[in-house]
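Colleague: I am new to this structure and would like a close look at a single part of it. Please take me through how the helices there pack.

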Amino acid sequence: MAALSPATQNRLFFFGVGLGTCAVVGLMRHLLVYYRDAAALPPSENKPQYITQEVEDSLKLNTLDKLLDSPNYCIQETTSTIVVERALHDGSTIDIILAHITRADYETRARGVKALYTMMNNCSPATIRLINKPATYFALVKALEYCVTDYKHSDFDLEWDNWVLRDRCEQDCFLILTALAEKFGVGNIIKAGFIHRWLAKEPWGNEEKERQINFLESLRTRNQLNELLLPLIREMVGRKKLCEARLLPQDFEWDRPGPRDVRMTNGEGTAGEEEIWGDGRRRRDQSQEEQVIRRRHREAIVLNDGTRPLGREDIIERER
């Protein structure tokens, strides 16, 4: 076998050194990538964390006070809900708030109303029933009664709503009553004397006739008061109280439909004129007394501010 020349030996040597260097570099790179991936921390999943009832009960008042001052709005909202839930399930706290609402001092009364308004906005529909009791309605109506003399109310104006000029305490009382009426009806509001103690004292006008006209005209507008006034007048007891307060005439009769009113199918027209049946036969003759009774039974008033479709609850029939 022939010996390799020195030049060939040098070439083989450098080839081996280069090959070994590439192998070492590749191995080191593979090891570094492996250790880098092994040392990297995997991203943790943001699992939602819920506050259990045990955690809520363990929070002390000074802790809740600090959380309410947190710059995070979500923390403030959650803390407010916890405070409200505690207050709702504590009968003495509700009684203290209602006692503040009935105070003659404006500052004390305003703080009580604001506290109750905050509770209404932060409590769940299930717990709001704890506020639905006669003492709550009487306290709110008493606060409204004080508001009558707190400042001078603007006179009635059909063209614009004076809601923005009302005091904040009066607005909050009215909003709370409106929210309670939507959920539980207006029965307790009527029993608390809302009509005589506040509504009748509104500046509807100087003369009795003027007050009655302005009150009826206000029902046709879209002002904030109608959120509560329309449910009141739909109730028979509410209408009687309005008549006693002289906001409605004692002999009040609902508006009669005009001669252009829609006629009923296969029957007498809503304006009282004689109709012809579908097969061409005239309806049977009636006595004068029967015709008067039929007309009286059809007398009704429709109260709808246009914000929702017309429904059966918007049609108030005359009392018979």
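Modeller: In this predicted model, α6 and helix α7 (residues 134-150) pack with their axes 11 Å apart, at an angle of about 135 degrees. That angle makes α6 oblique to α7. The crossing in which α6 passes α7 is left-handed. On the α6 side, the contact is made by Y106, R109, V113 and L116. On the α7 side, T136, L140, A143, Y146, C147 and D150 take part. Sorted by class, the contact of α6 with α7 has seven nonpolar residues, two charged and one polar.

Helix α6 (residues 106-122) also packs with helix α5 (residues 91-101). Here the axes are 7 Å apart and the angle is about 135 degrees. That makes α5 oblique to α6. α5 passes α6 in a left-handed crossing. From α5, the residues I94, I97, L98, H100 and I101 meet T108, R109, G112, V113, A115, L116 and M119 of α6. The residues of this contact of α5 with α6 comprise eight nonpolar, three polar and one charged.

Some residues of α6 can be followed from one contact to the other. R109, V113 and L116 of α6 are among the residues that meet α5, and R109, V113 and L116 also belong to the contact with α7. For α7, the residues in that contact include Y146 and C147; for α5, the residues that meet α6 include I97 and L98.

Conventions: Residues numbered from 1 in each chain as written. Predicted model: local features only at pLDDT ≥ 70, side-chain atom pairs only at ≥ 80, totals over all residues. Heavy atoms only, no water. Axes fitted to C-alpha atoms, helices over the stretch in contact; angles between N-to-C directions. Helix = DSSP H or I, 4+ residues; strand = E, 2+ residues; numbered from the N terminus. Parallel < 35°, antiparallel > 145°, perpendicular 65-115°, else oblique. Left-handed = near helix turned anticlockwise from the far one by under 90°. Contact = heavy atoms within 4.5 Å. Nonpolar A, V, L, I, M, F, W, Y, C, P; charged D, E, K, R; others polar.
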